[in-house]
Amino acid sequence: MMKGLFSTIIFIVGFVSLAYTQSSEDGKWNDEAIDKLIAESELIPIQITGDKDNRINIVIMNQWTAADEAPYNSPDMRGEFVKDIEESMVAALTYGDERAQTAYASYKEFFNVYGLWAPSVPEWKKGIDRETVDAIRDKLFLPWKNEHRGWVTFLVMPNRDKGGGGAARNLEERVGTAVIAGNGIGKMLHEISHTCMSLGDEYTTAATGTGAFPTYAADLNYEREKIKWRKWIDPETPLPTPYEEEYIDKVGAFEGNQYHLVDYYRSTAQGCIMGAGVFDNTEEMCPVCNQRVSMRVYDLVDPVNGFSPSETSIEIEGVQKMHFSVDHIVPEPNTQVARWFLNGKLIAEGVDGIDVELGKIARYELVCSISDETEYIRPDPPFSRFPKFEVRWEISSKSAPTKASPLVVKLSKTPVSGEKTVWNITSDISGGVPPYSYQWSDGTTGPTLKDSGLGIYELTVTDSEYRTATSGIDIYAGGLASKTKKSKSKKRKKKNEISVGCNIKASDIGKANGMLAISPSGGKAPYTVLWKKGKYQYGSPWVYESENATITDAEYTVKHLFSASNNTYVDLKGNEGSVSWEVKVANSGIYPVDIIYAGIFMKGSSAKLMVNGVEEKESVHFNQTRPLYTGWDVATAKVFLKEGINTVKLFSNGESLPNLDYLRVPTRVEAISVSGNERIGLAPGTYEYVVMDSESNTVEGVVVLPETYPFKISDISVENTSEGTVGIASPVNGYTYKWYAKDAPQVKLEHYEKPLGVGNTFRVPHKGTFYVAAYNEATNAESSNRIGFAVGDIADRREVRITPEELGEDAIKLWFDSSDIDGNGKPDEENPDRGPVKSWEDKSIRNGYELFMKYEPNALNGKGVAAFDHVWVSIMKEEVKEYQTIVLVYKEGSVSFPGTSLFRGLNAFIGRSSDVKKSLFDLDAVDDRTKKGQVFLNGKKVDPFTTPNPMEFCILTVELASPSDVPLARTEGLWEGAIAEMILIDRKLLDWERKGLEEYLRRKWFAMVDIKFE
Ligand SMILES: [Zn+2]
């Protein structure tokens, strides 16, 4: 459960190669000294599954420091060193072992494990450092025999069992070095995963905002259609996903990753070995990291040991039966599926060897294709796909004895109905030797393709002797008879006609964030609302490989990598140039063109797109640094394509193009109608609707959604107007006001947000914080911000307010106030943005305490609060001692660990209960001084062992029976709540003092106005 300073994880991306020219006199290692250490050391093979040039090699090297109780640096420790490796790294890779690490344990055959036993190694960091280890590693393992294959990570391990580590890697060289301060398997695999798996840290730090970049398991996106691990997210899981208990076991997009506290997302709430949420409470990987491991091992290791016949180009004579087989390594359990294709036709599945009769025709291609269809991977190209590897034989027959006329496929289409929108595509086969088998481009296998709409279709036919022939047919929009359907309008007059009201929120200029809400009345409810041309639906996409493109760059090369689409991609080597494809679509319209790419050392770039010779206005943007080996990415451009063949050309704009995998374009587009009263995320424009009531009466209409410049509001004050109602003190003419339960959204909404009320006044449903926005009735523009205000119950009001200062400034031992971050005694005039605050300063006069926190503005009565969810530990320079009364304006987090509170030293006094629905604290867990003291919740005395935690912001006063001698300095990383204000007082408060202080806090945080509730 260590979190914090003892586990400082440094993740360095890439490093320069070293020259070994220093003399050994100044303590640096030269070539000779390195050779000497290697000669004195022993590379012990512990688990060897194959040649080092085709394995992920993990080499564990012993290190020691003078502080170790039983350091590895004596000859008699060799046995213990080897045993420690077997019980950590080897056990983690052993499927079924209780120490096995998912998904690593399934891929043991892809790893070699060695010990580098160096009994004469000097003390760590005094005589040897990481750079020297890098040099030893490179001497022992480099160069690699093949491009992309092989990896080595050196892991420097001491004989201790606690602590963190650091790692560095070079993806191009395929080397890494990890340093750990303890030999626990969780830390080992955390650091190793930084290297060969290139997985990033998932935790957050105060250094938020520095140059972190999206990694395989980190994303700047949270939108459902864009997020890289979207296949793992249930449709009902909201995005961004709230960091709440309800979603603790779900995959979603939780804020906080790669050192960033905000605007950066991870896949799970807590618990990934890479440090999701709270650090170190688990030794498991999240599903997204598991997926990465399962795919990445195939990038670095070719699973094929050998195949028979070993010659892939074979000539035969006459008809004969031949045996083919592939020998390959497998995961455990074996999730690989082997499929055998003869001239493209599947002939066997699930076997590693087959007998094939050959020689009846002149040429054959036999492919054994093996893919790992593990449950760790949910395919979603280009972000994820089942790893696939192939062995391919070309067989030619000198004498083809069977006589048959050439196989010919002809396709024709016939309309299914008179309207000519749906067609049957019939195949007419001649020649070859029947029976025939059929393979259509949409995956179906019958002789006729029925009920086909617009599209591009292809059929491959194979005869009984494996002759093949392919033919295509396109059904274009232009080929369809245009026929307007006459609508039969019912002329019956209805007494009670439908009328339609509409609530509009304009879109900001340049954004698509408008909203519409239709409210029908009249007619007979319920109503159905349909929108015309609301969205587009696209036919299945076709993939255009880059090796089939026209490329203008003299130096490009086509390379191969397993994780790419068909294993090939174009490397433009950082040069300028252009790549163009011929793209065919069945009808004219706006299409999304997906460009699948990756770059090496790219800092983000852009390129231009030209469609049919016309340059597109908007550039295509390629994201910052997504190294090829950390995965592929998609850039999407929406362009107009005409029916038939189009030339789509991507060309340099003064910057180099990234490595290109393929282009993906749907084959047809059609407008679909959207249904529903409410629509969000709308661009400015006109929206046509049809409203139908339960008796099929309809009314049609058009809504114009305008665009406006965003505006902000500041000087709004809310006052008590009449019983149960608040209102705007001085409303502005031409504006009305919208009242909400939440602050203005910072993220793109997934659902329509309905205001609680509209107008100059607002009937308050319950006490709490509400938000008001201004709405311009003429332009439909709504203020981009909302003013938060708190409404209290007049029944809670006490006449006397006492400020903390009035208790006597010497009595205050600690005072944090999130409305006074700089602690100068005055409310802050300018609030920080949402995100990290490095120094939240104590407000009491003599102290200089500081905390790191996440600022959440406009949370409580218009003021910000300090959130501690997934916030790294802070340690104050000085300890707080001898406090007796603890006053908190706080909100408990549903994902806080039982027994925790803001300060580790307070856990024993006010630690959260294990069941918040039953109690504030656990009777068997808290200190006697709490049990014998008094607890007040929102001003009322309560039994903390039978009173549920409200799980909302509240005022909690805990008066200990006697002052605490437990010093406070270090915050608790496993506490996930939020604090508005915290005051520690050195004594018990008199009853009137406590009541006065609680009233002061209530009016500050919970009641800008007090009203009478029914
Ligand atoms: Zn993870």
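## Strand 39 and its partners

Let's start with a pair of residues: P541 sits opposite P666, which belongs to strand 39. This is a predicted model, so keep that in mind as you look around. P541 is part of strand 28 (residues 541–545), and five bridges tie strand 28 to strand 39, the two running antiparallel.

Strand 39 has another partner too. Strand 33 (residues 589–598) joins strand 39 through five bridges, again antiparallel. If you want a spot to look at there, find I596, which stands opposite Y662 of strand 39. How many of the eight residues of strand 39 are buried? Eight of the eight, across residues 659–666, so strand 39 is largely enclosed by the rest of the structure.

## The whole chain

Now step back a little. The chain carries eight helices and 63 strands. Its C-alpha atoms fill a box of roughly 110 × 100 × 50 Å, taken along the principal axes.

Of the chain's 1014 residues, 53% count as buried. Contacts often reach across the sequence: taking those between residues at least 6 apart, 69% join residues at least 24 apart.

## A zinc site

Which residues hold the zinc ion? The protein donors are E202, through OE, plus C272, C286 and C289, each through SG, and they lie 1.9 to 2.3 Å from the zinc ion. Along the sequence these donor residues follow the spacing E-x69-C-x13-C-x2-C. One pair, C272 and C289, links distant parts of the chain: C272 is in the loop between strand 9 (260–268) and helix 5 (287–300), while C289 is in helix 5, 17 residues apart from C272.

As for geometry, the angles among the four donor atoms run from 97 to 130°, and the site is tetrahedral. For reference, the ideal angle for four tetrahedral donors is 109.5 degrees. Are the two cysteines of that linking pair buried or exposed? C272 has a relative accessible area of 2% and is buried. C289 is at 0% relative accessibility, so C289 counts as buried as well.

## Helix 5

Helix 5, home to C289, deserves its own look. Of its 14 residues, 13 are buried, so helix 5 is largely enclosed by the rest of the structure.

What span should helix 5 have at 1.5 Å a residue? The 14 residues should cover 20 Å, and the end C-alpha atoms are indeed 20 Å apart, so the two values agree.

## A three-stranded sheet

Elsewhere, three strands make an open sheet in the order 18-19-21, with antiparallel pairing. Strand 18 (408–415) and strand 21 (448–452) are at the edges with a single partner strand each, so one side of each has no neighbour in the sheet. On average, neighbouring strands here are turned by 20° against each other, direction ignored.

Strand 18 pairs with strand 19 (residues 423–430) in the antiparallel sense over eight bridges. Within that pairing, T414 stands opposite N424 of strand 19. In general, strands of a sheet pair through backbone hydrogen bonds.

## One residue in a loop

Last stop: I227, in the loop between helix 4 (185–195) and strand 8 (251–257). I227 has 0% relative accessibility, so I227 counts as buried.

What does I227 touch, leaving out residues up to four places away in sequence? The list is D219, N221, Y222, I233 and A253. E582, by contrast, is 355 residues from I227 in sequence and 29 Å from I227 in space, C-alpha to C-alpha.

Note on methods. Residues are numbered from 1 along each chain as its sequence is written. This is a predicted model: local features need pLDDT of at least 70, side-chain atom pairs count only at pLDDT 80 or more; totals for chains, interfaces and linings use all residues. Side-chain values use heavy atoms; hydrogens and water are left out. Donors are N, O and S atoms within 2.8 Å of the metal (3.2 Å for Na, K and Ca); water is not among the atoms, so sites may look incomplete. Four donors count as tetrahedral if all angles lie between 85 and 135 degrees; four count as square planar and six as octahedral if opposite donors are over 155 degrees apart and all others between 65 and 115; anything else is irregular. Helices (H or I, at least four residues) and strands (E, at least two) are DSSP runs, numbered from the N terminus. Buried means under 20% relative accessible area, exposed over 50%, partly exposed in between (1.4 Å probe, protein chains only). Two strands pair if DSSP finds at least two bridges between them. Axes are lines fitted to C-alpha atoms, for helices over the stretch in contact, and angles run from 0 to 180 degrees between N-to-C directions. The expected span of a helix is 1.5 Å times one less than its number of residues. Contact means heavy atoms within 4.5 Å.
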